[in-house]
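This briefing goes through one protein chain by topic. Please keep the sequence and the structure open while reading.

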Amino acid sequence: MWCLVALHVYNPNWLPPLPAYQGMCHVSAGRVTCVSGARRRSNLQPPKRRYSNVSTGFFDALSFGGPGPERINGRLAMLGFVSAIAVELASGADVADQLANGGLLWFAGSAALFSVASLVPLLKGVTAQSKSDGVMTSEAEMLNGRFAMLGLVALVFTEYLKGGPLV
């Protein structure tokens with residue numbers, strides 16, 4: 001704000017491109033007069049926040065800060081953790097045995113299927129926040145995915161240290 005006033009005093013003909021400050025400060029006879037927030041007229045309110053459109057590009061969805069990577073990895077970790085525990089309870093094989101005995105093909109197939117199924121809405125411009133409702137929020141999904149990632153790593157590490165299945 002002070003920089004804006006200083007530039008306006010330095011060059012009174014310069015009009016700042018920020019609509020939030022237009023009309024708030026006036027220069028007349030070398031004197032700067034600013035309108036306080038309480039005395040602002042209704043037409044001098046700051047502009048409403050505009051949300052940018054969701055990018056529907058493939059590389060934008062999978063960029064480092066994009067909506068895809070952590071959400072997809074979390075969904076895959078949730079699927080992997082539940083599958084690993086279920087197969088371990090059913091057959092008694094640890095994760096390494098599961099992967100060695102045909103589980104790698106099932107892992108690759110389900111990872112491809114879930115990745116594509118997670119990318120399709122993102123490429124159509126649908127956000128996870130727009131589908132959040134009640135207890136099924138996008139934040140809860142991210143938190144569950146993070147715990148599933150930690151749980152899957154902890155399961156494999158524990159089975160390695162134990163030398164066999166956890167259950």
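Gly92 sits just after H3 and takes a positive phi of about 85 degrees. Just after H5, Gly163 likewise takes a positive phi of about 85 degrees. The model is predicted, and the points below cover the two helices that precede these glycines, the charged pairs between the helices, and two individual residues.

**Overall make-up**
- The chain holds five helices and two strands, which follow the pattern α-β-β-α-α-α-α along the sequence.
- Of the 167 residues in the chain, 22% are buried.
- The exposed surface of the chain is about 12200 Å², with 65% of it supplied by carbon and sulfur atoms.
- Among contacts with a separation of 6 or more, 60% are between residues 24 or more positions apart.

**Helices H3 and H5**
- H3 has 23 residues, which at 1.5 Å a residue should span 33 Å; its end C-alpha atoms are 32 Å apart, in agreement with that value.
- H5 has 25 residues and an expected span of 36 Å, and the 35 Å between its end C-alpha atoms agrees.
- The buried residues of H3 are Arg71, Ile72, Gly74, Ala77, Ala84 and Glu88, and they pack against H4 and H5.
- In H5, the buried residues are Ser138, Met142, Gly145, Ala148, Gly151, Leu155 and Glu159; their packing partners are H3 and H4.

**Salt bridges between H3 and H5**
- The structure has three salt bridges.
- Glu70 pairs with Arg146, with 2.4 Å between the closest N and O atoms. Glu70 belongs to H3 and Arg146 to H5, so this pair ties together parts that are 76 residues apart in sequence.
- Both partners are partly exposed: Glu70 has a relative accessibility of 32%, and Arg146 has a relative accessible area of 40%.
- Glu141 and Arg71 meet in a salt bridge at 2.8 Å, N to O. With Glu141 in H5 and Arg71 in H3, the pair therefore links parts that are 70 residues apart in sequence.
- Arg71 counts as buried because its relative accessibility is 9%, under the 20% cut-off. Glu141, at 22%, counts as partly exposed.
- Glu141 also forms a salt bridge with Arg75, where the closest N and O atoms are 2.4 Å apart. Arg75 lies in H3 and Glu141 in H5, so parts 66 residues apart in sequence are tied together.
- Arg75 is partly exposed, at 24% relative accessibility. Through shared partners, the salt bridges join Arg71, Arg75 and Glu141 into one network.

**Asp94, in the loop between H3 and H4**
- Asp94 is found in the loop between helix H3 (69-91) and helix H4 (95-123).
- Which side chain of opposite charge is nearest to Asp94? That side chain is Lys162, 9.8 Å away; Asp94 is buried yet has no salt bridge.
- The Asp94 side chain does reach the backbone nitrogen of Asp97, at 3.0 Å.
- Neighbours within four places in sequence aside, Asp94 is in contact with Glu88, Glu159, Gly164 and Pro165. Two of these contacts are buried residues of the helices: Glu88 in H3 and Glu159 in H5.

**Leu123, in H4**
- Leu123 is found in helix H4 and is partly exposed, with a relative accessible area of 32%.
- Residues up to four places away in sequence not counted, Leu123 touches Thr56, Gly57, Phe58 and Ala61.
- Phe59 is 64 residues from Leu123 along the chain, and the C-alpha atoms of the two are separated by 9.9 Å.

Terms used: Residues are numbered from 1 along each chain as its sequence is written. This is a predicted model: local features need pLDDT of at least 70, side-chain atom pairs count only at pLDDT 80 or more; totals for chains, interfaces and linings use all residues. Side-chain values use heavy atoms; hydrogens and water are left out. Helices (H or I, at least four residues) and strands (E, at least two) are DSSP runs, numbered from the N terminus. Buried means under 20% relative accessible area, exposed over 50%, partly exposed in between (1.4 Å probe, protein chains only). Lys and Arg count as positive and Asp and Glu as negative; His and the chain ends are not counted. A salt bridge is a side-chain nitrogen of Lys or Arg within 4 Å of a carboxyl oxygen of Asp or Glu. A polar contact is a pair of N or O atoms within 3.5 Å; within protein, one must be able to donate a hydrogen and the other to accept it, and residues adjacent in sequence count only if both atoms are side-chain atoms. Contact means heavy atoms within 4.5 Å. The expected span of a helix is 1.5 Å times one less than its number of residues. Accessible areas come from the Shrake-Rupley method with a 1.4 Å probe; for residues, only the protein chains shown count as cover.
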